[in-house]
Amino acid sequence: MAENVVVKVARNSSLLLLGQLSSNLIAIGAFMLIARGISKAEMGIATIINLLISLGVILSGAGMPTSSIRFISKARGMGVDYRPLVVASTLIRAVLAATYSVILVALADQITPLLLGSTSSVKLLYLAAIGVVFMGFMSTFYNLLIGLNRM
């Protein structure tokens, strides 16, 4: 019985690794195609917008998405109600992502000339603010599903 569990874990882990590797290879291929199709200035703008989105996702998470896996799994294992942890994790992400997005939108007129050199790309920062919220929730919900063992 124990060998069966070990084989199952090893097989599932290898499938996850293969999925991650294939996802990374697709991302590298897409990056190569995009990098050849746009100018250096456009690549710089894309990099800065990606940096702002990534920073927002990290700051709005505050370590909660990864720790929610642990606490939800622990609560499920102990037979304790885990739903308050799911709600708390989602609400923390919502408040922090909304705060970051509001700050980004409010300061877009000052940030755009500083980072991008002109004010013509202000709308990109508005889209980045929206992207932070969606990508943040995607990360949170993904980790909640892992904690709930519902992958």
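## A phenylalanine pair in helix α6

F137 is a good place to start in this predicted model: its relative accessibility is 19%, so it counts as buried. The cut-off for buried is under 20%, and F137 meets it with its 19%. Its partner, F141, has a relative accessibility of 41% and therefore counts as partly exposed.

How many aromatic pairs does a search of the whole structure find? The search turns up 1. That pair is F137 with F141, and it is stacked, with 5.6 Å from centre to centre and 25° between the planes. Both residues belong to helix α6, which covers residues 122–147. They sit 4 residues apart, about one turn of the helix.

## Where helix α4 meets its neighbours

Let's move to A97, a residue of helix α4. Is A97 buried or exposed? With a relative accessible area of just 1%, A97 is buried. In sequence, A97 and F137 are 40 residues apart, while in space their C-alpha atoms are 8.7 Å apart. Leaving out residues up to four places away in sequence, A97 touches S60 and V133.

Helix α4 spans residues 83–106 and also holds S101. The relative accessible area of S101 is 9%, so this serine is buried too. Which residues does S101 touch, not counting those up to four places away in sequence? They are A129, V132 and V133. V133 is thus a contact of A97 and also of S101. Helix α6 runs over residues 122–147, so the contacts of S101 with A129, V132 and V133 link helix α4 to helix α6.

## One salt bridge

A search of the whole structure finds 1 salt bridge. It joins R83 and D81, whose closest N and O atoms are 3.0 Å apart. As a reminder, side chains of opposite charge can pair when their charged atoms come close.

The two partners fall into separate accessibility classes. R83 is exposed, because its relative accessible area is 56% and the cut-off for exposed is over 50%. D81, by contrast, has 41% and is therefore partly exposed.

## A leucine patch on the surface

Which residues make the nonpolar surface patch of about 410 Å²? Four leucines do: L15, L17, L18 and L21. One of them, L15, is part of helix α1, which takes in residues 2–37. L15 has a relative accessible area of 52%, so it is exposed.

The protein chain as a whole exposes about 10300 Å². Carbon and sulfur atoms supply 72% of that area.

## The overall build

Now for the wider view. The protein chain has 6 helices and 0 strands, and from the N terminus on its elements run α-α-α-α-α-α. Along the principal axes, its C-alpha trace spans about 65 × 35 × 15 Å. The radius of gyration is 20 Å, whereas a compact globule of 151 residues would have one near 15 Å.

Buried residues account for 25% of the 151 residues in the protein chain; F137, A97 and S101 are among them. What share of the contacts between residues at least 6 apart in sequence joins residues at least 24 apart? The share is 72%.

Key:
Residues are numbered from 1 along each chain as its sequence is written. This is a predicted model: local features need pLDDT of at least 70, side-chain atom pairs count only at pLDDT 80 or more; totals for chains, interfaces and linings use all residues. Side-chain values use heavy atoms; hydrogens and water are left out. Rings of Phe, Tyr and Trp (its six-membered ring) pair if their centres lie within 6.5 Å; planes under 30 degrees apart count as stacked, over 60 as edge-to-face and the rest as tilted. Helices (H or I, at least four residues) and strands (E, at least two) are DSSP runs, numbered from the N terminus. Buried means under 20% relative accessible area, exposed over 50%, partly exposed in between (1.4 Å probe, protein chains only). Patches are made of residues with over 30% relative accessible area and no salt bridge: like charges are joined within 9 Å, nonpolar side chains (Val, Leu, Ile, Met, Phe, Trp, Tyr) within 5 Å. Accessible areas come from the Shrake-Rupley method with a 1.4 Å probe; for residues, only the protein chains shown count as cover. A salt bridge is a side-chain nitrogen of Lys or Arg within 4 Å of a carboxyl oxygen of Asp or Glu. The radius of gyration is taken over C-alpha atoms; the globule rule is 2.2 Å times the number of residues to the power 0.38. Contact means heavy atoms within 4.5 Å.
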